[in-house]
Amino acid sequence: MNFKNMDIKKRLLTSFIVVAIIAAIVGGIGIFASVSLGNSGELQNARTDEAIDAARVNRLTNEQRAFLRGYAIHITSSYLPELREAELKEAETQLTHIEETAAEAEEYLEDIKRLAKSPKVKEALEIVEEKRAVYATTKEKFINMINETKELDPETSLPLVVDAMNFLRDPLDEYTNSLIELTEVINTLTDEQAESMQNLTTTVLAILIFIIIVAVIVAIALGNYIAKLISVPVLYVSGILSAMGKDGRVQYTSQEWDECNRLAAGKDELAECCENLGLAAKHFGELSETLMTVSKGDLTPLAHSLGNDDIIANATIEILNNLNRMFSDISTATNEVNAGAGQISNASEALSQGATEQASSVEELASTINNISEAVKKSAENAKTASEIAGNTGDIMGTANKKMEEMVSAMENISTASHEISKIIKTIEDIAFQ
C-alpha cells in the first residue's frame, strides 16, 4: 500500500477502512467476549441451579431420614392400645412425607440430569443414581421390617428396629454422601467457571485495551502521515502563489524546482496541482526573460503562446510584432529621408550648375552687348556683320531663356523635395512620439 500513488479520496477512504477494520476487530472481540461471557453466565447459572437442586435433594434425603425414624418410632409406639390409632395415623403421615420428599427429590434429580453438561457432573449423577436405587430398595425393606414390629412389645421390637435402622443407615449414608459429592463437584465446577469467567473478562479487557491503544496509535500515525502528505504540497503551492501574488516573483531557485519536481512525482490531485503550478511558473519565467531582453533593446527573442487563452503571452507577441513593425517603418522612413536628401543634393548641384551657366550666359550677353555697341559704331562699316551678330545674339538669348527655364524647373524640384522632406520629418516626429 503506497499512499503516495493514491489520490486524496482513496487515501481518506483507505484510512477510514483501516479505522473501520480496527473498530470491527474491537467490536468482534467485544461480541465474542459478550457471547462467551453470556454462555459462561448461562453455564454458571445452570451449575448454580444444579448445586441448588443437589442441595435440595440432600435436604430432602435428610428429611426422609427423619421421616423414616419418625415412622419407625410411631409404628413401635402403636403396640399400646390407647395410642395405637393415633400412632398408626402419624406413621401414615410420616410415610406420606417420605413418599412426597422422595418424589420431590426425584424431580430435582431429573432437573440436574437435564442441566448437566459436564462429564464430571454426569459421572457423579450416575453414582447418585446407583446409590439412590440401592437406597430406594433398602428403604422399602426398612419399611417392611418396621411394619413387622407393629404387634410386638417394645422389648421385642426394639432390637428389630435397631437392626432395621442399621440396615438402612449405610445405603442412606452412601446415598447422602453421593449427593454431597455431587454438590461438591458442582460447586468445584462452579468455582472453576467463575474463575474462568474472571480470567476471560480480564483477558478480553486486556486485549481490548491493547487493541484500543494500538488503534489510537495507528490512527494518530496514519492521520499525521496523511496530513503531512496533504499539507506539504498545499503549503508549497501556497508559498509559490504568495510569492507570485505578493512579491510578483516568477523566477525560482534550483532547490525550489527540485522540490516542485519531487512533489509532482506523485499520482494524486496535489501532485497534479504542483505539476501544473510548475508549468505555469516555467511559462511565466520564460515570458519574464523575454520581456527583460526586450527592455534591454533586443527585439530578437520570441515568446511562446499556449493558446488563445494565454493573454499575457499573446500580448507580449503582439508588442514584439508592433515594435518590430514600428522600427521597420522608422528604417524605411530613414531610407526615404536619405533618398530625399540625395535628391535635394542633386537638385542643389543642378541649381549651382545652372547658375554657373547663367552667369556665363550673362557674361556672354554683356560681351555681346559690348560687341553690339561696337558693332553699332561700326554698323556703317559692315551691315552684314551686324546682321550676323544680331542672329548670334538671338541664339544666345534663346539659350539664356532655356537656362532660365531649367533653373525654374530645378527650383520647383527643390520645392517638391522640401515638401517631401517636411513629410518625412513629420513622419519621424510621429514615430518618435510613438
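At what angle do helix 3 and helix 4 pack, and how far apart are their axes? The angle is about 165° and the axes are 9 Å apart. The legends below place this pair among other views of the model, which is predicted.

**Figure 1. Overview of the predicted all-residue model, with eight helices and zero strands.** Along the sequence the elements follow the pattern α-α-α-α-α-α-α-α. The protein has 434 residues, of which 29% count as buried. Its accessible surface comes to about 26,900 Å², and carbon and sulfur atoms hold 59% of that surface. Among contacts with a sequence separation of 6 or more, 76% are between residues 24 or more positions apart.

**Figure 2. Close-up of helix 3 packed with helix 4.** Helix 3 spans residues 119-147, and helix 4 spans residues 154-247. The angle of about 165° lies over the 145 degrees that marks the roughly antiparallel class, and helix 3 and helix 4 are therefore roughly antiparallel to each other. Their crossing is left-handed. By class, the residues of this contact divide into 24 nonpolar, two polar and seven charged.

**Figure 3. Close-up of helix 2 packed with helix 3.** Helix 2 covers residues 81-115, and its axis runs 12 Å from that of helix 3 at an angle of about 170°. Because of this angle, helix 2 is roughly antiparallel to helix 3. Helix 2 passes helix 3 in a left-handed crossing. On the helix 2 side, the contact is formed by L95, I98, A102, E106, L109, I112 and K113. Helix 3 contributes L125, V128, E129, R132, K139 and I143. Eight of the residues in this contact are nonpolar and five are charged, with no polar ones.

**Figure 4. Close-up of helix 4 packed with helix 5.** Helix 5 comprises residues 254-263. The axes of helix 4 and helix 5 are 11 Å apart and make an angle of about 140°. That angle makes helix 4 oblique to helix 5. The crossing of this pair is left-handed. V232, P233 and Y236 of helix 4 make the contact with E256, E259, C260, R262 and L263 of helix 5. The contact has five nonpolar and three charged residues, and no polar residue.

**Figure 5. Close-up of T183 in helix 4.** T183 has a relative accessible area of 14%. Buried means under 20%, so T183 is buried. Leaving aside residues up to four places away in sequence, T183 touches A54 and A55.

**Figure 6. Close-up of E92 in helix 2.** The relative accessibility of E92 is 45%. Partly exposed residues fall between the 20% and 50% cut-offs, which is why E92 counts as partly exposed. The view also includes H74, which is 18 residues from E92 in sequence. The C-alpha atoms of E92 and H74 are 9.1 Å apart in space.

How values were computed. Residues numbered from 1 in each chain as written. Predicted model: local features only at pLDDT ≥ 70, side-chain atom pairs only at ≥ 80, totals over all residues. Heavy atoms only, no water. Helix = DSSP H or I, 4+ residues; strand = E, 2+ residues; numbered from the N terminus. Buried < 20%, exposed > 50% of the residue type's maximum accessible area, 1.4 Å probe, protein only. Contact = heavy atoms within 4.5 Å. Areas by Shrake-Rupley, 256 points an atom, 1.4 Å probe, with all protein chains shown as cover. Axes fitted to C-alpha atoms, helices over the stretch in contact; angles between N-to-C directions. Parallel < 35°, antiparallel > 145°, perpendicular 65-115°, else oblique. Left-handed = near helix turned anticlockwise from the far one by under 90°. Nonpolar A, V, L, I, M, F, W, Y, C, P; charged D, E, K, R; others polar.
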